[in-house]
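Let's take a walk through this protein together, stopping at a few places worth opening in your viewer. Have the sequence and the coordinates ready.

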Amino acid sequence: MDHVVNRVHSIIYEWRSILGMVIWDVIAGAAFICLLYLALMNMESTLTRTGVMLLAVALILLSIAAKYLLYYGKMRRDDVTGGWNKKEFERVSDRLLKGEGEFVVVYANVDRFKLINDAYGDDVGDAVLKEIHQVIDAEMLRWDEVSGRIMADNFGMMMRFLSMKKLEHRLSRINEQLALLEDSEGIKYGIKMYFGVYQVEDRNEPVSTMLEKANLALKKVIQSPQHLVHMGVYDEKERELLSREKSLETKMERALKNGEFVPFLQPKYELVNETIGGAEALVRWFDPVEGMIGPNEFIPLFEKNGFVVELDLYMFEQVCKILERWKKKGYRNVPISVNMSRGHFTIPGFFDRYLEILSRYDVPKNSIEIELTESLFYNEMSMLNDLINQIHEAGMRCSIDDFGSGYSSLNMLKDVRVDALKLDRVFFKEAVDDQRGKSVVNSVLHLAQELDLKTISEGVEIRSQVDYLKEMDCDYIQGFIFARPMSVADFEKIAFAGAQSSAS
């Protein structure tokens, strides 16, 4: 019922401006007829007068009809390509879906079309869009298929579906034809399209919704590394994931403001005596409605949308507050490490915000360790060394996180003045029963010791790994074998048990 009401409203809106102009044209025509009648009143022949009047009425009605047929035709056309616009594409598609056979909706985007506009100007850009439309519509589509420009450099297609292999072949042919387009000097534009595909399941679903789903599939292609594929296919899991991400994005800023992000601490144990010698701050999200949202769900999203920068600064301040409180209570100094994401490095002077936060708290020297992920050290070494120097000047320490998770270079260690090396679990997980693996880990640990770097092994889960790493003279262990991440209150109970009991 709602669909019918919305359709009626759409039709009324579409024809409202036309009806208004028709009324004015009818009034103007009637006025002309009246004036003509008055002018012909003195004509002696009644038959001639009547004939002239009827001819005038017929000409006026024909001109009005022709005018609005042309106007309606223009309303359906795209101003740039001359093909169907979005509204008419949806209308024709809806009509096609009432027939037999299977269909797919394809949402197509021209790769880096802005470069053509920048290089040649908007007029040439519009001409190229028209050529693209001609390739799609005139050369590639069947009589019972339809295409239209949705917006900017995006096109929609309603195509017959036989198989994914045949569909991919047809879309590849479109790109082959587009690759042949060239400018006035014979230089090819290098045009390529990416496609999102939605296989029509519910024919009563609005075509606009089908386009949205095809567009979601297109986004998956565009966001893939190096755009390795040219076609993406929509599935329901992606819709659920995107819907979930949208839900988290709508409430992330409110959550930060309301303190829903809570620091948990995972102890780092000194291997010699197996006692707590530090901790890593890990974020947990406690939503008032959902409860705890796992970091694996929101951290990748925040890294993608850039919100991780604000979350990092928030966690850094929480760590400063914890350390200041411990100092006031007279607890021993237990350093806490906190992550710094690569998103910060796109912001000039970003470390100033860290220094501003640090200046507001009485934090013991060397009680904060900034963890930089290994991937940051693949390039821009001079910039990283400048940052490390700033960290040290501020009275904090610095470590390389996840060392061994990527293509680590031992040669890199001589160029960076970090204080600690955090070995990823993959570095020693298989090494316990593998002599070659043991030799590699032993070499890394001894090289770190030669460079005066503390070593921390994370992800340790079994006793044999503890014994092996102790044998290798690793300094610290962080893993489930000793403790999982826990609330600050629970951490204080095990880290400062003696101090708390004496204070009470």
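**A walk through the model**

Start with Asp287: leaving out residues up to four places away in sequence, Asp287 touches Lys251, Arg254, Glu260 and Ile293. One of these partners, Lys251, is 36 residues away along the chain, and the C-alpha atoms of Asp287 and Lys251 are separated by 9.4 Å. Asp287 belongs to strand S7. Is Asp287 buried or exposed? Its relative accessible area is 6%, and because buried means under 20%, Asp287 counts as buried.

Before going further, please keep in mind that this is a predicted model. Stepping back to the whole chain, the secondary structure comes to 16 helices and 15 strands. The protein has 504 residues, and 44% of them count as buried. If you take the contacts between residues at least 6 apart in sequence, 66% of them join residues at least 24 apart.

Now let's look for empty space. Rolling a probe the size of a water molecule over the atoms shows where such space is left. In this model the largest pocket holds about 1,100 Å³. Which elements give two or more residues to its lining? On the strand side they are S6 (261–270), S7 (275–287), S9 (336–340), S10 (368–373) and S11 (397–403), and the helices are H9 (295–305) and H10 (308–329). Strand S7, where we met Asp287, is thus a good place to pick up the trail. In total, 41 residues line the largest pocket, and Glu280, Leu282, Ile299, Asn339 and Asp401 lie nearest its centre. By character, the lining divides into 16 nonpolar, 11 polar and 14 charged residues.

The aromatic side chains make a good next stop. A pair of aromatic rings is described by the distance of the centres and the angle of the planes. The structure holds 18 aromatic pairs. One aromatic cluster is formed by Phe261, Trp285, Phe298, Phe302 and Phe307. Rings also meet charges here: Arg77 lies over the face of Trp84, at 3.8 Å from the ring centre. In another such arrangement, the charged end of Arg484 sits over the ring of Phe480, 4.0 Å from its centre.

Next, have a look at the backbone. Most residues other than glycine have a negative phi. What is the phi of Arg112? Its value is near 50°, which is positive in a residue other than glycine. Arg112 is found in the loop between strand S1 (103–110) and helix H4 (113–120), and with 59% relative accessibility Arg112 counts as exposed. Glu274 also has a positive phi, near 55°, and is likewise a residue other than glycine. The place of Glu274 is the loop between S6 and S7, where Glu274 is partly exposed, with a relative accessible area of 25%.

Our last stop takes us further along the chain. Val444 lies in helix H13 (residues 435–450) and counts as buried, at 2% relative accessibility. Between Val444 and Leu421 there are 9.6 Å in space, C-alpha to C-alpha, and the two are 23 residues apart in sequence. Leu421 comes up again around Thr455, a residue of strand S13 (residues 454–458). Which residues is Thr455 in contact with, leaving aside its neighbours within four places in sequence? They are Leu421, Leu445, Ala448, Asp473, Cys474, Asp475 and Tyr476. Thr455 has 0% relative accessibility, so Thr455 counts as buried.

How values were computed: Residues numbered from 1 in each chain as written. Predicted model: local features only at pLDDT ≥ 70, side-chain atom pairs only at ≥ 80, totals over all residues. Heavy atoms only, no water. Phe/Tyr/Trp six-rings, centres within 6.5 Å; stacked < 30°, edge-to-face > 60°. Lys NZ or Arg CZ within 6 Å of the ring centre and 35° of its normal. 1 Å grid on protein atoms, 1.4 Å probe; cavity = no way out; pocket = protein on both sides within 12 Å on 5 of 7 lines; lining within 4 Å. Points joined across faces, edges and corners; volume = space filled by probe spheres on them. Helix = DSSP H or I, 4+ residues; strand = E, 2+ residues; numbered from the N terminus. Nonpolar A, V, L, I, M, F, W, Y, C, P; charged D, E, K, R; others polar. Buried < 20%, exposed > 50% of the residue type's maximum accessible area, 1.4 Å probe, protein only. Contact = heavy atoms within 4.5 Å.
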